[in-house]
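Here's a quick walk through one protein chain, meant for someone meeting it for the very first time. Have a look at the picture, then read on.

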Amino acid sequence: LQRDDGTRPIGELDDRIGWMVRGGWERRDRAAVQGAYFDNRGDRALYDGEYAWDTRFWVVGARLEPGGGVTILGEAMLGQTAMGDPAVAPAFVDTDFATAYAMLSWQRSSLRLSARFDWFRNEDRDGVAEDESEDGQAVTLAAFWTPLERLRIGAEFLTIAAQRPAAGQSGADPDTDAWKATLEARLFF
């Protein structure tokens, strides 16, 4: 259940202070590694029709620039989020989540080519109502050309393959596969 007037993305409900710790290492714009742990210490209770979420996750990312215009990026996150009292179903959510991506990009003069692979998984652990689990992967291919300082021309192709059991439980196709192609011409002022 959410508020009738919508959920505010930032707002304090339970007056509990969360925390985050971060660390990283970098070597002269050639390589970097960063990691963080986040815990918002949410109490999961209901406040004026809106639930406080209890969310914690690990995230680690890396960048490598071996030379020749090549950049390699990657990031992964693993965590869990929950809200509501397990004794008061169906107003209860408990989900583990994980996501990762890797991207290879090459730039030469005014041309940049990139390829990215994304993976994600949400595991519904509450057993309430439909199975809100979802998993899938996506591939993105992009090319951008900047022939003039104020003009960029680009093309991007994205395909995603995903499974969502809740869609099947409601009579829809649980395969939520899709693709999208985009062409752009962008003027900068």
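Let's start with the pocket that ranks second in size, keeping in mind that this is a predicted model. What kinds of residues line the second largest pocket? Its lining has eight nonpolar, four polar and three charged residues.

The volume of this second largest pocket comes to about 220 Å³. There are 15 residues in its lining, and the closest to the pocket's centre are Arg-22, Gln-34, Val-60, Gly-61 and Glu-75. If you want to know which parts of the fold supply the lining, the elements giving two or more residues are β1 (19–27), β2 (31–39), β5 (54–67) and β6 (70–84).

**The chain as a whole**

Zooming out, the chain has one helix and 11 strands. Going along the sequence, you meet them in the pattern β-β-β-β-β-β-β-β-β-β-α-β. How spread out is the chain? Its radius of gyration is 21 Å, well over the 16 Å that the globule rule gives for 189 residues, so the chain is more spread out than a compact globule. Along the principal axes, its C-alpha atoms fill a box of roughly 60 × 45 × 30 Å. As for burial, 25% of the 189 residues in the chain are buried.

**The sheet**

Nine strands come together in an open sheet, with antiparallel pairing and the order β1-β2-β5-β6-β7-β8-β9-β10-β11. Which strands stand at the edges? They are β1 and β11 (178–187); each has a single partner strand, so one side of each is left without a neighbour in the sheet. On average, neighbouring strands here are turned by 10 degrees against each other, direction ignored.

Here are some of the antiparallel pairings, with the bridges that join them:

| Strand pair | Bridges |
|---|---|
| β1 and β2 | nine bridges |
| β5 and β6 | 12 bridges |
| β6 and β7 (92–108) | 15 bridges |
| β10 (151–163) and β11 | 10 bridges |

You can pick out individual partners across these pairs. At the β1 end of the sheet, Val-21 has Tyr-37 in β2 as its bridge partner. Further in, Arg-63 stands opposite Leu-73 in β6. Leu-73 also stands opposite Met-103 in β7, so following Leu-73 is a handy way to step from one pairing to the next. Over at the other edge, Phe-157 stands opposite Ala-181 in β11. How many of the 10 residues in β11 are buried? The count is zero, and the strand is hardly covered.

β5 and β6 also form a hairpin, with two residues between them. Gly-68 sits in that turn and has a positive phi of about 70 degrees.

**Two residues with a positive phi**

Most residues other than glycine have a negative phi. Which residue in the segment before β1 goes the other way? Asp-15 is found in that segment, and its phi is positive, about 55 degrees, although it is not a glycine. With 68% relative accessibility, Asp-15 counts as exposed, since the cut-off for exposed is over 50%.

Arg-41 is another non-glycine residue with a positive phi of about 55 degrees. You'll find Arg-41 in the loop between β2 and β3 (46–47). Its relative accessibility is 33%, and Arg-41 counts as partly exposed.

**Two spots in β8**

Finally, take a look at strand β8 (residues 111–124), where Leu-113 lies. Leu-113 is partly exposed, with a relative accessible area of 35%. How far is Leu-113 from Asp-177 in space? C-alpha to C-alpha they are 24 Å apart, with their positions 64 residues apart in sequence counted as the separation.

Asn-122 is found in strand β8 as well. At 30% relative accessibility, Asn-122 counts as partly exposed. Asn-122 and Glu-132 are 10 residues apart along the chain, and their C-alpha atoms are separated by 7.7 Å.

Definitions and conventions:
Residues are numbered from 1 along each chain as its sequence is written. This is a predicted model: local features need pLDDT of at least 70, side-chain atom pairs count only at pLDDT 80 or more; totals for chains, interfaces and linings use all residues. Side-chain values use heavy atoms; hydrogens and water are left out. On a 1 Å grid over the protein atoms alone, a cavity is a set of points where a 1.4 Å probe fits but cannot get out, and a pocket is an open set with protein on both sides within 12 Å along at least five of seven lines; lining residues have an atom within 4 Å of a point. Grid points are joined across faces, edges and corners, and a volume is the space filled by probe spheres set on the points. Helices (H or I, at least four residues) and strands (E, at least two) are DSSP runs, numbered from the N terminus. Ala, Val, Leu, Ile, Met, Phe, Trp, Tyr, Cys and Pro count as nonpolar, Asp, Glu, Lys and Arg as charged, and the others, Gly among them, as polar. Two strands pair if DSSP finds at least two bridges between them. Axes are lines fitted to C-alpha atoms, for helices over the stretch in contact, and angles run from 0 to 180 degrees between N-to-C directions. The radius of gyration is taken over C-alpha atoms; the globule rule is 2.2 Å times the number of residues to the power 0.38. Buried means under 20% relative accessible area, exposed over 50%, partly exposed in between (1.4 Å probe, protein chains only).
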